[in-house]
Amino acid sequence: MKPISSVIIFLLLVCSAVWASIDSYHCAETSIVQDMNQALLKTLTGKREAWITPDTIQSYRQHLQIADLKSRSFVSYALGDDSHSLHSKQMKWQSGNHILTFQSYADCSFATVWGLSDQRLPLSFLLLSLVWMAASIVYFRRHRTDRLVLGKMVYAASDHSFRDWHGEKIAFTPMQQQLMELFINTVDCKLSKAVICETLWPKKPDASETLYTLIRRLKPIVSERCGLKIVADRVMATDWLLIHLQRKCQIVFLNGIGVIFKIYILGILYWNIMPNRGILSSFCCTFSC
């Protein structure tokens, strides 16, 4: 299994958890609105007075089927659609010549709606993604301990081969192969000109021109196939050859489990709360901290 495949599966599981959580949140909102609609309809059916009394609100709350709404929902004269709160549809009540329009509202916070939603499926996806992440880390530690990833290049110490990100072997000449292995075997990927010349051409008095020719031919291959750059620099009157990463493509699953939950919760807040209803600034500050 390739590392990129493992990461794609992990991201799909996380995205599935976010999607399922958003869908469950919307289903909970729909259930709340439907419950308010049926409770308001039953209340207006038995209503006799034109004004709202404590008995009206008590009767309305008795008809509510969701227990958490009984202390958060109330009846009022229709004030129009309010995009910042959950509300029922407007219903007309008529007694003689009196025609009034009523509407019920629910003062439900994000946490209340979240608690009423069924989050078992999203949590299952999230748990499965964590299990997959842990299993992938164990797998790659056991099967890829002899491999080193630099840029888009993978070096396997078992067969001394260099491969690109697609698994295709990079065709180095024997001298280029030796030079790349010298870079790989150093801690900071830095070699002096003297060390390279003594290792590759021990019997040649001055191999500077040969080295420069080798580097000139190696640079395009390393840049295109490996995503790396070879840079010549002078440090303390000594010529050094440095290899720098243009981009780091080494697979890192996550720095911590907390990152998953931050992305997970922030996605829910953005897609469900920000466009539809206001959030207390104190809640936002507490969450971000």
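This briefing covers the overall make-up, salt bridges, one strand hairpin and one surface patch of a protein chain. The model is predicted. The protein chain has 9 helices and 10 strands, and 38% of its 289 residues are buried.

**Overall make-up**

- Among contacts in the protein chain with a separation of 6 or more, 63% are between residues 24 or more positions apart.
- The protein chain has an accessible surface of about 17600 Å². Carbon and sulfur atoms account for 59% of that surface.

**Salt bridges**

- The structure contains 2 salt bridges.
- Side chains of opposite charge can pair when their charged atoms come close.
- One salt bridge joins the side chains of R120 and D118, with an N to O distance of 2.9 Å.
- R120 counts as exposed because its relative accessibility is 64%, and the cut-off for exposed is over 50%.
- D118 has a relative accessibility of 39%, so D118 counts as partly exposed.
- D164 and R225 form a salt bridge in which the closest N and O atoms are 3.1 Å apart. This pair links distant parts of the chain, with the two positions 61 residues apart in numbering. D164 lies in the loop between strand 7 (161-163) and helix 5 (174-184), while R225 lies in helix 7 (residues 208-226).
- D164 counts as buried because its relative accessibility is 8%, and buried means under 20%.
- R225 has a relative accessible area of 29%, and is therefore partly exposed.

**Strands 3 and 4**

- Strand 3 (residues 91-95) and strand 4 (residues 98-106) run antiparallel and are joined by 5 bridges.
- Across this pairing, Q94 stands opposite I99 in strand 4.
- The two strands form a hairpin with 2 residues between them. In the turn, G96 has a positive phi of about 70 degrees.
- In a regular strand the side chains alternate between the two faces of the sheet.

**Nonpolar surface patch**

- I4, I8 and L12 make a nonpolar surface patch of about 260 Å².
- I4, one of these residues, is located in helix 1 (residues 3-45).
- The relative accessible area of I4 is 35%, which means that I4 is partly exposed. Patch residues need over 30% relative accessible area, and I4 at 35% is therefore eligible on that count.

Methods:
Residues numbered from 1 in each chain as written. Predicted model: local features only at pLDDT ≥ 70, side-chain atom pairs only at ≥ 80, totals over all residues. Heavy atoms only, no water. Salt bridge = Lys/Arg side-chain N within 4 Å of Asp/Glu carboxyl O. Buried < 20%, exposed > 50% of the residue type's maximum accessible area, 1.4 Å probe, protein only. Helix = DSSP H or I, 4+ residues; strand = E, 2+ residues; numbered from the N terminus. Pairing = 2+ DSSP bridges. Contact = heavy atoms within 4.5 Å. Areas by Shrake-Rupley, 256 points an atom, 1.4 Å probe, with all protein chains shown as cover. Patch = residues over 30% accessible without salt bridge, like charges linked within 9 Å, V, L, I, M, F, W, Y side chains within 5 Å.
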